[in-house]
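Here is a short briefing on one protein model and its ligand. Keep the structure open while you read.

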Amino acid sequence: MGRIANGRLLSDIFYLVNSYEKSKQLHARASRVIPGGVNSPVRAFKSVSCDPPYVVKGKGAYIWDADGNQYIDYVGSWGPLILGHAHPEVVQAVDRANHDGASFGACTPVEAELAEAVIEAFPSLKKVRFVSSGTEATMSALRVARAFTGRKYIVKFEGCYHGHADSLLVKAGSGVATLGIPGSAGVLEEQAQFTLALPFNDPAAVEQTFEKYKKLIACVIVEPVVGNMGCVPPARGYLHFLREITQKHGAVLIFDEVMTGFRLSFGGAQQLYGIRPDMTTLGKIIGGGLPVGAYGGNLDIMNMVAPIGPVYQAGTLSGNPLAMAAGLAMLKHLKNHPEIYEQLEQNTAELVNGVLQVARKKGVELSANQVGSMFTWFFQSGEVRDWDTASKSDTQAFAKFHRGMLDRGVYLPPSQYEAIFVSAAHTREDIQKAVQAAEQSL
Ligand code: KE4
């Protein structure tokens, strides 16, 4: 990609002939046997109005589709692959574990090893329980918070996404926002009524809600840096405000760090902003690309969990040896290379600002939010600080940009309401190629 011919980037010429034929055939086949042909809705590329490329291989910062097209990958499996695809230390750890057996449904030494590594990085955690997805983690954390407080109501924020548990599919972000559906069919009103969805970054809304519901609120669950309405950082002091008001009313503060954990810093958003939540949910990076989730908190809270407490939660593949091995290898690498975070921040800023400059030159309305190695370009000129402002973005303009970047070998999340990720495998050249592709795509 990128060789010059007759004064034009070959990628520009080639992009007109990018073939997606094999992907189209694979999607037609999958659509006959899987709803929408996908196992997670956002992968269907609905909001960018094109069929999804079928990925067959990933290595470092790159992925390849069934037609042989190569892409610089800025999705990274929606966050887990902070070291890039098929990192040798992760591959070797999973291979070794797999040779000794993929799953036992029994206690294994590696579970405590990973739990200790997570607790060392997150001082607010005294015990953690591993599950197989972020959804399981947040669903279980809510159950524990309700049991611990004896209260029913939960507070979440519009545009935040915490997985697809019934209580949390209320004004959710990510794929729910992308599809433009208010929540989900099948969620009972009797259940949703106990979910209070408030505007993010609006302290007054939280104060009024606590005034009204007082001691009825079990917990406040928040993405401390939102990724699921696009990247939206907390306003100055907002997280401290949430910490204080939940402390005052005896509600459990849950930081959903499934995306930000080990992403924004080795200690996640709570290290970056200096907050100690009562509970934390994790996922993605702690599984190194394999299915994993975790929830944890202080001893009073976590000793509520069966078999030592009355809150039941279970899982056949919870603490699975392969996922534990992958996560442990990834966390060990991150711990031994703390310089990665500074490099990630710099490379991400170069990419974000490079494309903003192109947009300014071309008169395209574009703004951006970036925290560490996660960011979003919003197709509007305003500041995006909550769902109300995020949803003013021009999603058609995003779709056109996304298609242009895809055709030029840059793979972005197929939704305006998702975070984009840079990995330690991305080079300065990869960053520059994405900026060059944006010059043709905006
Ligand atoms: P999973 O159940 O998808 O492992 O995790 C749910 C979840 C919980 N909390 C946060 C902050 C999350 O971002 C997620 C899942 N993230 C989305 C991407 N925004 C997963 C991608 C998808 O749904 O396919």
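Domain bounds here come from an automatic or database domain assignment. The model is predicted. By those bounds, domain 1 covers 4–73 + 338–441 and domain 2 covers 88–336. Both domains give residues to the shell around the ligand, so the ligand lies between them.

**Ligand site**

- The ligand is surrounded by 17 residues. Ser40, Thr135, Asn228, Asp256 and Glu418 are the closest.
- By class, the shell holds five nonpolar, eight polar and four charged residues.
- Asp256 makes a side-chain contact: one of its N or O atoms is 2.7 Å from a nitrogen atom of the ligand.
- Lys284 also uses its side chain, with an N or O atom 3.0 Å from a nitrogen atom of the ligand.
- Gly134 contributes through its backbone, where an N or O atom lies 2.9 Å from an oxygen atom of the ligand.
- How much of the ligand does the protein bury? Taken alone, the ligand exposes 540 Å², and the protein buries 87% of that.

**Sheet β13-β14-β16**

- Three strands make up this open sheet, in the order β13-β14-β16, with antiparallel pairing.
- Its edge strands are β13 (367–371) and β16 (420–421), each of which pairs on one side only.
- Strand β14 spans residues 374–378 and runs antiparallel to β13, joined to it by five bridges.
- One bridge pairs Ser367 with Phe378 in β14.
- Thr376 also sits in β14. Is Thr376 buried or exposed? Its relative accessible area is 1%, and buried means under 20%, so Thr376 counts as buried.
- The Thr376 side chain reaches the backbone oxygen of Glu418 at 2.9 Å. Glu418 is itself among the residues closest to the ligand.

**Strand β12 and its partners**

- Strand β12 (residues 293–297) is mostly covered, and five of its five residues are buried.
- Gly293, Tyr295 and Gly297 point one way, while Ala294 and Gly296 point the other way. All of these are buried.
- β12 is joined by five bridges to strand β6 (residues 127–131), and the two run antiparallel. Val128 has Gly296 in β12 as its bridge partner.
- β12 is also joined by five bridges to strand β11 (residues 279–283), again antiparallel. Leu282 stands opposite Ala294 in β12.

**Strands β3, β4 and β5**

- Which residues of β4 are buried? In β4 (residues 62–65), Ile63 and Asp65 point to one face and are buried. Tyr62 and Trp64 point to the other face and are not buried.
- In a regular strand, side chains alternate between the two faces of the sheet. β4 shows this alternation.
- Strand β3 (residues 55–59) runs antiparallel to β4, joined by four bridges. Val55 has Asp65 in β4 as its bridge partner.
- β3 and β4 form a hairpin with two residues between them. Gly60 in that turn has a positive phi of about 60 degrees.
- β4 pairs with strand β5 (residues 70–73) in the antiparallel sense over three bridges. Tyr62 has Ile72 in β5 as its bridge partner.
- The hairpin of β4 and β5 has four residues between the strands. There, Gly68 takes a positive phi near 85 degrees.

Terms used. Residues are numbered from 1 along each chain as its sequence is written. This is a predicted model: local features need pLDDT of at least 70, side-chain atom pairs count only at pLDDT 80 or more; totals for chains, interfaces and linings use all residues. Side-chain values use heavy atoms; hydrogens and water are left out. Two strands pair if DSSP finds at least two bridges between them. Buried means under 20% relative accessible area, exposed over 50%, partly exposed in between (1.4 Å probe, protein chains only). A residue is near a molecule or strand if one of its heavy atoms lies within 4 Å of it. A polar contact is a pair of N or O atoms within 3.5 Å; within protein, one must be able to donate a hydrogen and the other to accept it, and residues adjacent in sequence count only if both atoms are side-chain atoms. Accessible areas come from the Shrake-Rupley method with a 1.4 Å probe; for residues, only the protein chains shown count as cover. Ala, Val, Leu, Ile, Met, Phe, Trp, Tyr, Cys and Pro count as nonpolar, Asp, Glu, Lys and Arg as charged, and the others, Gly among them, as polar.
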